[in-house]
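Here's a quick tour of one protein structure, built for someone just getting started. Have a look at the picture first, then read on.

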Amino acid sequence: MTIHTLKSEFELSGVGLHSGEQTRVRILPAEVGEGRYFVRTDLPGAPIIPAKVEAVSQTALSTELTGTGDAQIRTVEHLLAALAGMGVDNARIEVDGPEVPLLDGSALVWVEAIAAAGLVAQELVHPSENPQLSPVENPVWVRHGDAFVAALPAAETRFSYGIDFEEPAIGNQWYSWSPETESFASAIAPARTFGLARQVDQLRQAGLIKGGSLDNALVCDRSGWLNPPLRFTNEPVRHKILDLVGDLSLLGTWPTAHYLAYKASHNLHVQLGLALRLPA
């Protein structure tokens, strides 16, 4: 079996969605078996934070990981979705702050940088260097109220998502994407994060979205989008698939399944990932 790392390193900088802090991210090739992992270069000893579902420590409007010595890194899902969607199995991600920058609110800038850096194949010496999760043989469900996320037995990997909002510009949307038939770079990566105007003040009072703006997030109110045009007519639901791909990438490699979600959240995504880790 062949896996991949980056052919060369690259660096990007930007503002964190929730912290509002400017951070620099340097992504480098990594050895077989190292997987994807973060390094907080601004902290003493440059602690490592593994990009694994067991390391998730918080899921309020983003996914946060905790590693060595309680070092944390927040809003990892877009970058991890880009790495997984582009087939990067092993990568060292150095960050000089507490949060991965939001960039334009999508995974597109990450994807373009990964494509420019290129990939190089790595040969496995031992299967344990890249453990594969067995295909899902029985349905696995996680739900909260009418929201749910599930992994269903399937012949190929597919991600299907549904959302439902009061705002007419969003409304009810469904989208289904298969990485085997449609490119992550073109179908999912460009979809930007989105928010509701009615929630902005409340979230800022809670210390969230300090770095959010009309330049890095789509914002909607009852009358429509405040910062059109959209990149897709159904950009919001495509972004939810982006988030799901990023969160499930914390499994290392996701098992073959049809992942089906409705009105779900980072918390439910991670709960599904943990459930898939358990023995059948």
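Before we look at how two helices pack, one bit of vocabulary: axes are lines fitted to C-alpha atoms, for helices over the stretch in contact, and angles run from 0 to 180 degrees between N-to-C directions. Keep in mind that this is a predicted model.

**Two helices that pack**
- Helix 1 (residues 77-85) packs with helix 5 (residues 235-248) at an angle of about 80°, and their axes are 7 Å apart.
- That angle makes helix 1 roughly perpendicular to helix 5, because 65 to 115 degrees counts as roughly perpendicular.
- On the helix 1 side, the contact is made by Glu-77, His-78, Leu-80 and Ala-81.
- Across from them, helix 5 brings in His-239, Leu-242, Asp-243, Val-245, Gly-246 and Asp-247.
- Sort the contact of helix 1 with helix 5 by class and you get 4 nonpolar, 3 polar and 3 charged residues.

**A sheet of strands**
- There's an open sheet of 3 strands here, in the order 6-7-8, and the pairing is antiparallel.
- Strand 6 (56-58) and strand 8 (72-74) are the edge strands, so each one pairs on one side only.
- From one strand to the next, the twist averages 35°.
- Strand 7 (residues 64-66) is joined to strand 8 by 3 bridges.
- Leu-65 stands opposite Ile-73 in strand 8.

**One more helix**
- Helix 6 (residues 266-277) has 12 residues and reaches 17 Å from its first C-alpha to its last, close to the 16 Å expected at 1.5 Å a residue.
- Its buried residues are His-266, Leu-268, His-269, Val-270, Leu-272, Gly-273 and Leu-276.

Definitions and conventions
Residues numbered from 1 in each chain as written. Predicted model: local features only at pLDDT ≥ 70, side-chain atom pairs only at ≥ 80, totals over all residues. Heavy atoms only, no water. Helix = DSSP H or I, 4+ residues; strand = E, 2+ residues; numbered from the N terminus. Parallel < 35°, antiparallel > 145°, perpendicular 65-115°, else oblique. Contact = heavy atoms within 4.5 Å. Nonpolar A, V, L, I, M, F, W, Y, C, P; charged D, E, K, R; others polar. Pairing = 2+ DSSP bridges. Expected span 1.5 Å × (residues − 1). Buried < 20%, exposed > 50% of the residue type's maximum accessible area, 1.4 Å probe, protein only.
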